[in-house]
2 protein chains.
Amino acid sequence: MAPDEEPRPWEELEKLIEESDAGRVEAFLDTLPGGEAVLAVSRLSEDDQAALLTTLDPEEAAELVEQMPDAQAVEMIERLEPEAAAAIVDELPSDEQADLLGDLDRQDAEAILNEMSPDDARDARELVQYADDVAGGLMVKEFLSYAHNSTVADVLADMQANAETYQDFDVQYAYVTAEENRLVGVLRLRDLLLARRSRAISAIMIGDPQTVPDTSSLDELRATFDRYQFYGVPVVNDAGALVGVVQHADVEEALADRSDSDFLKSRGIVGGEELRTMPLLVRSRRRLAWLSVNVVLNIIAASVIAMYQETLTAVIALAVFLPIISDMSGCSGNQAVAVTMRELTLGLVRPTELARVWLKEVSVGVINGVVLGLLIAVAAILWKGNAFLGLVVGGAMAANTLVAVSIGGTVPLVLRRFNMDPALASGPILTTITDMCGFFLVLSFAAALLPLLTA
Amino acid sequence: MAPDEEPRPWEELEKLIEESDAGRVEAFLDTLPGGEAVLAVSRLSEDDQAALLTTLDPEEAAELVEQMPDAQAVEMIERLEPEAAAAIVDELPSDEQADLLGDLDRQDAEAILNEMSPDDARDARELVQYADDVAGGLMVKEFLSYAHNSTVADVLADMQANAETYQDFDVQYAYVTAEENRLVGVLRLRDLLLARRSRAISAIMIGDPQTVPDTSSLDELRATFDRYQFYGVPVVNDAGALVGVVQHADVEEALADRSDSDFLKSRGIVGGEELRTMPLLVRSRRRLAWLSVNVVLNIIAASVIAMYQETLTAVIALAVFLPIISDMSGCSGNQAVAVTMRELTLGLVRPTELARVWLKEVSVGVINGVVLGLLIAVAAILWKGNAFLGLVVGGAMAANTLVAVSIGGTVPLVLRRFNMDPALASGPILTTITDMCGFFLVLSFAAALLPLLTA
């Protein structure tokens, strides 16, 4: 190995794990700069990962699990004994508990829940009921709430008595509830600071607080946090009872995860996640799921070429331009797909607004189609010295660019409207249609002008 | 128009803007459900958008500007008179001020800065010096800091006197500084609550606090927040002086923005953003910048086909398989690109680890190449009844799948290593190489077996 090679912290880590010295392992992880701990742990063998988690004390292990990518965290936890796993999961914030347990096999999750502390298990069971990307699934149960008839002194006494437990809570606000846990107000910590201790908190709370329903979508939550400078928003159920608090950072993190997952899906990673530490057959199978659909679609599209074999034989130069037009139409259409996906994410377009998007795309498509058509026509004329060949391939390119942006701009809207995933399905639909259409345009134009092309 | 058409809140908004009634405009915007306000404002004409911002009071206008996508917010602000723009920018948090001013023309930004309140302008000028995606560019100046020799009573008096100003601050923590603004500790608000008022804050602060340098990258910040349950982290400069606070939510938001921008770039939207409300020529030009590079690369790749015209004429069926192999190799390679981009984002791979990634990709590539090769071979044999044609196209497909995943997995690493943008450049490099290689494999195999194919 070259002497200037980069450090391999996982080798050192392996040695320390073998020695089962929690203190030294922890100290070593602390010396690693940001992100290197994740890299090092990800490179350990499965057995060493399990040994690492059981060597560290549960709080340290939980901190490590939180840093790992979700898919890897799940694998690491499911390889532990339920008791050891539960000790670690107990130390996670409630929203992370729910995410992790929700991703485990039902049986594994139950086994861990049964070993968890009863309070945490109850909270986690409640959160697991919700989808990952609604307020109920994103909220935490770690918040402070007090009955509306408490005094300032009561609150301060509680905070003092439970200072340890509240360590990781966001205590900027406390929530004030009436009968049946109905949320009636928000208490700012700074107001507590300055109030007489005998006052009722209902006298200093801010009434009628902003809330979100537990079914709020990620986009609705984003809109709420974009609008108000909140660090967290209380979540209420149908009955108006306070069930949790959604934090701004958790919403932004979920948005980033969704973007990353969409990126992977749009590139053909079914499920939206692949790490190279996953088993070979899992990786291969997920990729093949996508590829095998595409190969069938490709054969269907290329069958258009088979119908024009005579034209092709007569003007073999056309075979050079078929892949160019197929690929360029894919490029143009994918740009339109990306912009529609972006506008959907930002809430700047409704899934029903096909006409609006189509008109906006057609105007770009005309300009870009003419430019690309001219470029390819010039290339054809320079190569073969036949202006009609330029006309055929340039005309087909221009027309198919228009087709591609029309399809690309609107397909994600149609898929969204029918509750299908535009990230996963837009690409294959787009390229199949534009390929068929592109091959047909080139070859039918050529067939029509055949005498001029072979002159 | 159909009676069941969706509401068009922008039409109502236009009417209210015409009446210049700030109260009614504000009330109307408040009635719109999450996200609909953004949609409505984005659909207004440029003049109506400007009129809307000047009709609302600056605080309300700033709230609206914050909700708009960044690119649109910049356009809206730059169309206002500097004085009106400054009044609105003054109401934004300091990090948003800096983002907005940094995206404006230098001249426009200067004009606005000159009209802003001197304190805000000074802060904004400081933040604008930093890149958007380092701690210095993401931090806010809205935080509380006190000299280490202050007493608890001093701090409480200051908080009471400036309650209005501190309204939007994160006051979970206050920061304690020594001479030359050097950060020496963190003060938890809850500890203030319970301390005697005559005590020095240096006695109740947490010393030696976790900090990040102002040059910290987004990935380093993510690692910090993944590791510690902080809502914000103090930012220090070279000299150890406290210059700002980075909030967890702002880091997550910047990560989401980066993912979205990478998604758009990888799909050929140069600059990483396009909204359909942008001017037609801007949209067309940005897309063409990408398309014109691609058309040249495509012509280069397809020139391989031109060298084998004789082989193609002899076995015209090959022309059907060329686009299939080109497209499928693109699919396989793009999957590998996506996984590498993902692992780079998560810090699970270093840009130098070409061999590791290549080996991981080869193992998937062999399996998937064999499966795809068999599929396409069977299709060829069923169509033409010639086993050698199946051998040629299947063999080429299998070999080129291996090439595609090898290139796709490693190209983003090489680009990152040379500080180029893997999101923008990986795709075109991948498809050009895999196209050339795929065409060469099919046609050279066919040329070698020509007598058997034409038998």
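Let's start with a single residue in this predicted model: Leu56(B) touches Ala22(B), Val25(B), Glu26(B), Ala61(B) and Leu64(B), leaving aside residues up to four places away in sequence. Where does Leu56(B) sit? You'll find it in the loop between helix 4 and helix 5 of chain B. Although it lies in a loop, Leu56(B) counts as buried, because 21 other C-beta atoms lie within 10 Å and 20 or more are enough for that label. If you'd like a sense of distance, try Val282(B): it is 226 residues away from Leu56(B) in sequence, and the two C-alpha atoms are 30 Å apart in space.

Two of those touching residues, Ala61(B) and Leu64(B), take us straight into helix 5 of chain B, residues 58–67. Both are buried there, and so are Ala62(B), Glu63(B), Val65(B) and Gln67(B). What do these buried residues pack against? Within chain B, the partners are helix 3 (36–42), helix 4 (46–55), helix 6 (70–78) and helix 7 (82–89). There is also a partner from across the chain boundary, namely helix 15 (218–227) of chain A.

That brings us to how the two chains go together. Turn chain A by 180 degrees, with a shift of 0.0 Å along the axis, and it can be laid on chain B with an RMSD of 0.1 Å. This is the relation of a two-fold axis. The same surface serves both copies, with 99% of the contact residues of chain A recurring in chain B. As for the contact itself, 101 residues come from chain A and 100 residues from chain B. On the chain A side, the largest share belongs to helix 19 (residues 318–346), with 19 residues. Sort the chain A side by character and you get 49 nonpolar, 27 polar and 25 charged residues.

Now let's walk through chain A. It divides into domain 1 (9–129), domain 2 (145–264) and domain 3 (280–453). The centres of domain 2 and domain 3 of chain A, taken over C-alpha atoms, are 51 Å apart.

A good stop at the beginning of chain A is helix 4, residues 46–55. Which of its residues are buried? They are Gln49(A), Leu52(A), Leu53(A) and Thr55(A). These residues cover an arc of only 165 degrees around the axis, so they sit on the same side of helix 4 of chain A. Look at the other side of the helix and you'll see Glu46(A) and Asp47(A), which are exposed. The cover over the buried residues includes helix 1 (9–18), helix 2 (22–31), helix 3 (36–42), helix 5 (58–67), helix 6 (70–78) and helix 7 (82–89) of chain A.

Further along chain A, the strands come into view. Four of them make an open sheet in the order 1-2-3-4, with mixed pairing. Its edges are strand 1 (145–147) and strand 4 (206–207) of chain A, each pairing on one side only. Strand 1 runs parallel to strand 2 of chain A, and three bridges join them; Tyr146(A) has Val176(A) as its bridge partner in strand 2. On to the next pair: strand 2 (residues 173–177) and strand 3 (residues 183–188) of chain A are antiparallel and share five bridges. Here Ala174(A) stands opposite Leu187(A). The two strands form a hairpin with five residues between them, where Glu180(A) takes a positive phi near 55 degrees. Strand 2 of chain A is mostly covered, with four of its five residues buried.

Our last stop is strand 6 of chain A, residues 232–236. Five of its five residues are buried, so strand 6 is largely enclosed by the rest of the structure. On one side are Gly232(A), Pro234(A) and Val236(A), and on the other Val233(A) and Val235(A). Two bridges tie strand 6 to strand 5 (residues 212–213) of chain A in parallel, with Val212(A) partnering Val235(A). Strand 7 (residues 242–247) of chain A runs antiparallel to strand 6 and is joined to it by five bridges, including the pairing of Gly232(A) with Gln247(A). Strands 6 and 7 of chain A make a hairpin with five residues between them, and Gly240(A) in the turn has a positive phi of about 85 degrees.

Technical notes:
Residues numbered from 1 in each chain as written. Chains lettered and ligands numbered in written order. Predicted model: local features only at pLDDT ≥ 70, side-chain atom pairs only at ≥ 80, totals over all residues. Least-squares fit on C-alpha atoms with pLDDT ≥ 70 in both. Contact = placed C-beta atoms within 7 Å. Domains from an automatic or database assignment. Buried ≥ 20, exposed ≤ 12 C-beta atoms within 10 Å, placed from the backbone. Arc of directions from axis to C-beta. Nonpolar A, V, L, I, M, F, W, Y, C, P; charged D, E, K, R; others polar. Pairing = 2+ DSSP bridges.
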